[in-house]
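Q: Please take a close look at a single helix and explain how it sits among its surroundings. I am new to this structure.

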Amino acid sequence: MAECLQFFCSFQGRSSREATKDRNPVLLVSGMGGSILHSRPKKFGFQSRVWVRILLADLEFRKKLWSLYNPQTGYAETLDKNTEIVVPEDDYGLYAIDILDPSLVVKCVHLTEVYHFHDVIDMLVRCGYEKGTTLFGYGYDFRQSNRIEKLMEGLRVKLETAYKASGGRKVDIISHSMGGILILCFMSLHSDVFSKYVRKWICIACPFQGAPGCINDSLLTGLQFVDGFESYLFVLRWTMHQLLVECPSIYEMLANPEYKWRKQPEIQVWRKHTKDGEINVNLDSYGPNESISLFEEALRHNELNYDGKTIALPFNLAILKWAAETRQVICNAKLPDGVCFYNIYGTSFDTPFDVCYGSEKSPIEDLSEICHTMPQYSYVQGDGTVPAESAKADGLPAVERVGVTASHRGLLRDKRVFQLIQKWLDVEPTVSNPSKLSRVADASPLNPLIN
């Protein structure tokens, strides 16, 4: 009986290993805010996690992550000149995009807001993918432009690594959110490399034509990544705002003014006008092109205090120019022959589209007041962040486009999404209990973290 059991287990293990040999490697590519970022001293010292963290989140974010855009290089450069921002490469790149705050406290309470690609990784491991052979991750410094050389080269190296590690099998990419913009830029600028290494691209929740409501408001009042009581432990909305004003990636997700929207996205402002002693209140509207003058006026007095110095942070026209060139790169992207493209987008969630500031009873007199008010949105169908209209408008010959009822980050935990991924990759689970196979890897002992 023992011999029979041993034979059965040996046969089952052999069958499972043989099944995994047929797997093309998968590369997971994260989006905006979807990678762990470390601050590393340029000379000597330990790395510390600055994104994402719960303990001392806002303080460390201000000290280590606030940046200024350098128009000569195209990079957002940290204000702290003694450190640099790096993405950990542990666990074949998967560590940086798995649980974004892998501290013991977060794992114990299972704070789902920071469980990023974790469930996708578990699902793929159940389907027989092996880390470092057929499963890899690509996290990156999401402050930067989606077409900047460092990010493009990092993606090329990751594709080549996955291709070689799997014995020369082409790579299947699964991207989330802004990661799709990054892939588009790479496909446009390095189509020969993309064609050489890529077999399939599954794109999830990508703002192909922008995310008007969220991005417009991010540039004016900031962004809150976590809602509820957890937000008090996290990076503050205004702290995030002061970073985003200098982030090329954010400008690259402004609404595409050339796209034929069903309805043009607008920023609306209840304005108080005084003329000849008479007070009039009007609702002014700004489309994608007109919004530029609004951004300039609203942010003309914006500044931050860093290390005892006051630094002006107006709307950055140099970044806007760079972003316009990125939009052209995206428009030039063509799907190479032989590469299959699939698009998953979120539906049935109220998604910000138009943004309104002030009210008829409490109008805005000076546009700089906008930055210290809370917005009111008009909504469209989408995933709560990206309108479905934008996410569907990929301009590529898709094999399938499927709408799934899930939120922007919830799509990475959705059973229907997992079914679609398994169908398109032509795989199915080979293991029922993922806990024995997949866990968040600890950081390398050579690079200890300060939590």
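A: What follows is a description of helix α12 and then of the nonpolar cores.

This is a predicted model, in which local features need pLDDT of at least 70 and side-chain atom pairs count only at pLDDT 80 or more, while totals for chains, interfaces and linings use all residues. Residues are numbered from 1 along each chain as its sequence is written, and side-chain values use heavy atoms, with hydrogens and water left out.

Helix α12 covers residues 317-331; helices (H or I, at least four residues) are DSSP runs, as are strands (E, at least two), numbered from the N terminus. The expected span of a helix is 1.5 Å times one less than its number of residues. For the 15 residues of α12 that gives 21 Å, and the end C-alpha atoms are 21 Å apart, in agreement. At the start of α12, a side-chain oxygen of asparagine 316 comes within 3.1 Å of the backbone nitrogen of alanine 318.

Buried means under 20% relative accessible area, exposed over 50%, and partly exposed in between (1.4 Å probe, protein chains only). The buried residues in α12 are Ile319, Trp322, Ala323, Thr326, Arg327, Val329 and Ile330. Seen down the helix axis, these buried residues fall within an arc of 155 degrees, so they line one face of α12; the arc is that of the directions from the axis to the C-beta atoms. Lys321 and Ala324, on the other side of α12, are exposed. Cysteine 331 is partly exposed, at 45% relative accessible area.

The buried residues of α12 pack against β4 (67-69), α6 (179-189) and α10 (248-251), where contact means heavy atoms within 4.5 Å. Threonine 326 belongs to α12 and has a relative accessible area of 1%. Not counting residues up to four places away in sequence, threonine 326 touches Ser145, Arg147, Cys185 and Glu252. With the side chain of glutamate 252, the side chain of threonine 326 makes a polar contact (2.7 Å). A polar contact is a pair of N or O atoms within 3.5 Å; within protein, one must be able to donate a hydrogen and the other to accept it, and residues adjacent in sequence count only if both atoms are side-chain atoms.

A nonpolar core is a set of buried Ala, Val, Leu, Ile, Met, Phe, Trp, Tyr and Cys residues joined through side-chain atoms within 4.5 Å. The largest has 100 residues, and Trp51, Leu159, Ile173 and Trp201 have the most contacts inside it. Its largest share, seven residues, comes from α6.
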